[in-house]
Amino acid sequence: MHGGAVSPGWLLVALCAATGAYCLLRMRSPVEEQRRAAGGEALMGFGMAAMAVPAAVFTPPSWTWPVYAGVFGAAALRALWGARRSPHHLHHLLGTAAMVYMALAMAASPAHHHEHGDSGVPLVTGVLLLYFAGYVLLSGIRLVPVTGAAVGGGSVGWGDRPELARACRLSMGIGMVAMLLTL
């Protein structure tokens, strides 16, 4: 039973790390806005991968969680600043705010977070779960027509393909739902 409990955590680490790595490759795009978005998404992917490492394998020191909160708090401020130009940054703002929330929750309960008792799911966790579950469903629906239409596009580099960027965001949304469910 012990090996089975660690497997989903490692799958989440792999998903988030692969997404972060692909986003780093997207940063080579000639389109400036895409490079900026890919940088923020790479930070999210690698941050989620680091937070998802199973506690049975590695328990980070207590100072790690406030550092995560600070890094993602700064990213949230950047997303808030970018939201003036594009509503897409509102999603980044919610994602970074969710990372700050999870880091603070981990700092408050380092022994682990499965002890909710009779109180149920906290309100903030529930709201974030609803948002990201909806985002995952909507992103999945939006991705289906794009993949069928993009089969013939040969001149666009694989790092600039919009369906791959959407798949990247979809996988991070799935990862966020999984992380919030374990919170």
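Hi everyone, this is a short tour of two threonines and one pair of helices. Please keep in mind that we are looking at a predicted model.

Let's start with threonine 19. You'll find this residue in helix H1, which covers residues 2-26. Is threonine 19 buried or exposed? Its relative accessible area is 6%, so threonine 19 is buried, since the cut-off for buried is under 20%. And which residues does threonine 19 touch? Leaving aside residues up to four places away in sequence, the contacts are Cys168, Ser171 and Met172.

Now to our second threonine. Threonine 64 belongs to helix H3, residues 64-82. Threonine 64 has 9% relative accessibility, so this residue counts as buried too. If you'd like a distance to look up on screen, take methionine 51: it sits 13 residues from threonine 64 along the chain, and their C-alpha atoms are 9.7 Å apart.

Since we're at H3, let's look at how it meets helix H4, residues 88-108. In general, two packed helices are described by the angle between their axes and the distance between the axes. Here the axes of H3 and H4 come within 8 Å, and they cross at roughly 165 degrees. Angles over 145 count as roughly antiparallel, so that is the label for H3 and H4. The crossing of H3 past H4 is left-handed.

Which residues meet there? On the H3 side they include Trp65, Tyr68 and Phe72, and on the H4 side His89, His92 and Met99 are among them. The residues of this contact split into 15 nonpolar and 5 polar, with no charged ones.

Thanks for listening, everyone!

Conventions:
Residues numbered from 1 in each chain as written. Predicted model: local features only at pLDDT ≥ 70, side-chain atom pairs only at ≥ 80, totals over all residues. Heavy atoms only, no water. Helix = DSSP H or I, 4+ residues; strand = E, 2+ residues; numbered from the N terminus. Buried < 20%, exposed > 50% of the residue type's maximum accessible area, 1.4 Å probe, protein only. Contact = heavy atoms within 4.5 Å. Axes fitted to C-alpha atoms, helices over the stretch in contact; angles between N-to-C directions. Parallel < 35°, antiparallel > 145°, perpendicular 65-115°, else oblique. Left-handed = near helix turned anticlockwise from the far one by under 90°. Nonpolar A, V, L, I, M, F, W, Y, C, P; charged D, E, K, R; others polar.
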